[in-house]
Every structure is written in C-alpha cells, then in structure tokens.
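Open the model in your viewer and keep the selection tool at hand. The stops below say what to select next and what is there.

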Amino acid sequence: MSTASPTTQPSPVQPSTSLAMRLRSLVAARESGVFLALVLMCVFLATQSEVFLSSTNLLNIGRQISLLGIMAIGMTFILITREVDLSVGSTYALGGLITGMAIVDRDVQLIPALAAGIGVGALIGLINGVLSTYGKLPSFITTLGMMSVVRGVALLVTDGQPVTVNVRQGGDPKVIEDFYYLGQGYLFGESPHATGLLLVTIAVTWVILSFTTYGFRVYAVGWGAKKAARVSGIKVFSVKNLGLYLDGRAERLRGD
C-alpha cells in the first residue's frame with residue numbers, strides 16, 4: 001500500500017525579508033549614487049544656510065532647474081535608445097530666437113510664435129533622426145555637425161544681434177505680457193509656471209515610457225537588442241526618429 005507524499009507548500013515570504021530585498025534593489029540601482037549625492041548636498045546646504053529649506057528658495061530652485069529638466073526629459077528618449085544628441089543647446093537657442101523674433105519683428109500672436117519655435121526644434125530633431133538611421137551616420141557625428149549648422153543659422157537670422165522681447169522692440173504689448181506671464185508667472189501666486197510645466201512633462205513622459213506601446217519599443221530598441229526588436233516586428237528606425245523628434249520639440253516646451 002503506497003502513500004502519496006504530501007505536497008510541499010512554499011514558505012511565505014516574511015515582510016522583513018521582502019523589505020530587505022527591496023532596499024538591496026534600490027541600493028544596487030544605478031541612480032542610487034546620484035540620489036545619494038543629491039541628498040548629501042541638500043543636507044550640507046541646509047546646515048550652511050537658514051533659508052535653503054524655505055519655500056521661496058525651493059520654488060526658485062524649481063524654476064531654475066525646470067529649464068534644463070525639460071531638455072533632459074527629451075534627451076531621455078535618445079539615451080534609452082543608446083544614441084546621443086549634441087545639438088540640444090543650439091536647438092534650444094534657435095527655437096527661442098525664432099519665437100522672440102516672431103513676436104517683436106513679425107507682430108505674431110503668442111500661440112503661432114510658440115508653434116514656430118517648437119516646429120523649428122521638431123524639424124531639427126527629425127533631420128537628426130533621418131541622418132542617424134536611414135543615413136547610417138553615427139548620432140554623435142550627426143548631432144555634432146548639426147550643432148554647428150544650427151549655431152550658424154542662429155547667427156544668420158539674427159545678424160549676430162541679441163533678440164530682446166519687450167515693447168520698445170515692437171510687437172503687441174498684450175502678447176508680450178502673456179509671453180512673460182507664461183514663462184515667468186506664478187500659478188496661484190506661489191508656484192512658478194515653469195516648475196508646473198516640468199512636472200507635467202515628467203508625468204506625461206512616465207506614462208509614455210511605462211504604459212504605452214511606444215515606450216515598450218523604446219526600451220526594446222535601446223536596452224534590448226536592435227536585431228531582436230527588428231525581428232519581432234518593431235520598426236527600429238521609426239522609434240529612433242520619433243525619439244529625436246521629441247527631443248527637438250522639448251527644446252521649446254518651456255514657454256519663456
């Protein structure tokens with residue numbers, strides 16, 4: 001007479017063990033070093049200045065980092081796909097110049113002027129993408145050359161002169177007022193618009209990369225393998241082109 005051996009049940013994971021595993025995964029993450037450095041810097045500055053942790057100073061810091069933060073978010077798509085864009089700063093400058101010139105020289109309304117700056121950035125990003133994928137040029141070389149081209153274009157369209165957006169230079173005073181309010185105004189009189197735009201951009205990017213098909217394809221092309229992604233039906237060149245396109249648009253999404 002044979003007796004069946006009882007089925008062994010896996011032992012439940014203790015909460016303390018699960019917490020320890022999560023802590024180890026956080027410490028092992030590549031971003032943990034940067035986050036630790038940021039925490040140490042904040043602690044040091046808080047001990048050296050009484051106003052560092054004040055709401056006014058923190059909001060001011062948020063407004064200052066929002067400019068670079070929005071550009072960094074656009075660059076995130078490029079870095080995930082294991083590419084690089086060296087023309088970010090030049091594209092940002094040219095987009096701002098086009099928007100400012102449209103307001104003061106052409107007496108264009110605010111929305112079309114902003115659309116012109118965003119369109120210029122998107123076009124530059126698209127050209128970078130096409131040259132880096134279908135043209136089979138390394139993105140480092142492509143964007144390095146584009147950086148010089150965009151700088152030259154900026155000097156040509158401005159004749160080497162600064163573009164100042166104010167009433168004395170021309171333009172509709174109401175448009176100029178709205179322009180400055182969009183970039184330098186405050187939401188509810190407390191939070192800078194630029195900081196709010198940065199937070200919205202972060203949230204939208206997180207949704208795209210975490211919950212959309214395109215976000216999955218971006219990670220598949222970059223952190224996975226291009227050949228495997230192509231075999232699985234992902235259009236690698238289209239994914240990279242859209243990433244560079246979004247990176248170009250990000251240069252003019254800050255609005256000031």
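## Stop 1: helix 3

Begin with the buried residues of helix 3: Gly62, Ser66, Gly69, Ile70, Met71, Ile73, Gly74, Met75, Phe77, Ile78 and Ile80. Bear in mind from here on that this is a predicted model.

Now select Ser66, one of those buried residues. Helix 3 bends by about 40° at Ser66.

Move to Ser55, which belongs to helix 3, a run covering residues 55–80. Ser55 counts as exposed because its relative accessible area is 54%, and the cut-off for exposed is over 50%. Add Glu190 to the selection and compare the C-alpha atoms: Ser55 and Glu190 are 9.3 Å apart in space, although 135 residues separate them in sequence.

Then go to Arg82, just after helix 3. Arg82 takes a positive phi of about 60°.

## Stop 2: the whole chain

Zoom out and colour by secondary structure. The protein chain has 11 helices and two strands. Read from the N terminus, the order of elements is α-α-α-α-α-α-α-β-β-α-α-α-α.

Next, colour by accessibility. Of the 256 residues in the protein chain, 33% are buried. The protein chain exposes about 16,000 Å², and 68% of that comes from carbon and sulfur atoms.

If your viewer draws contacts, show those between residues at least 6 apart in sequence; 69% of these join residues at least 24 apart.

## Stop 3: the nonpolar cores

Which residues make up the largest nonpolar core? Select Ala102, Ile103, Val104, Leu110, Ala113, Leu114, Val165, Val175, Ile176 and Phe179; the core has 10 residues in all. Helix 4 (88–104), helix 5 (110–133) and helix 7 (173–184) are the elements that each give two or more residues to this core.

Another core, of nine residues, lies apart from it. Among its residues are Phe77, Val218, Ala220 and Ile234. Phe77 was also on the list of buried residues in helix 3.

## Stop 4: helix 7

Stay with Phe179, a member of the largest nonpolar core, and add Tyr180. By the ring-pair rule there are three aromatic pairs. Phe179 and Tyr180 form one that is edge-to-face, with 5.8 Å from centre to centre and 80° between the planes.

How buried or exposed are the two rings' residues? Phe179 has a relative accessible area of 8% and is therefore buried, whereas Tyr180, at 34%, is partly exposed.

Now select Lys174 and Asp178. Both lie in helix 7, four residues apart, which is about one turn of the helix. Lys174 forms a salt bridge with Asp178, and the closest N and O atoms are 2.9 Å apart. The structure holds one salt bridge. Lys174 is partly exposed, at 47% relative accessibility, and Asp178 is partly exposed too, at 28%.

## Stop 5: helix 6 and the loops on either side

Select Thr142, which is found in helix 6 (residues 139–158). Is Thr142 buried or exposed? Its relative accessible area is 7%, so Thr142 is buried. To see what surrounds Thr142, leave aside its neighbours within four places in sequence and show its contacts: Asn128, Leu131, Ser132 and Leu137.

Go back along the chain to Lys136, in the loop between helix 5 and helix 6. Lys136 is exposed, with 65% relative accessibility. Its phi is near 60°, a positive value in a residue other than glycine. Why pick out such a value? Because most residues other than glycine have a negative phi.

For the last selection, take Asp159, in the loop between helix 6 and helix 7. Asp159 is not a glycine, yet has a positive phi of about 60°. Asp159 counts as exposed because its relative accessibility is 64%.

Note on methods
Residues are numbered from 1 along each chain as its sequence is written. This is a predicted model: local features need pLDDT of at least 70, side-chain atom pairs count only at pLDDT 80 or more; totals for chains, interfaces and linings use all residues. Side-chain values use heavy atoms; hydrogens and water are left out. A nonpolar core is a set of buried Ala, Val, Leu, Ile, Met, Phe, Trp, Tyr and Cys residues joined through side-chain atoms within 4.5 Å. Buried means under 20% relative accessible area, exposed over 50%, partly exposed in between (1.4 Å probe, protein chains only). Contact means heavy atoms within 4.5 Å. Rings of Phe, Tyr and Trp (its six-membered ring) pair if their centres lie within 6.5 Å; planes under 30 degrees apart count as stacked, over 60 as edge-to-face and the rest as tilted. The bend at a residue is the angle between axes fitted to the seven residues ending there and the seven starting there. A salt bridge is a side-chain nitrogen of Lys or Arg within 4 Å of a carboxyl oxygen of Asp or Glu. Accessible areas come from the Shrake-Rupley method with a 1.4 Å probe; for residues, only the protein chains shown count as cover.
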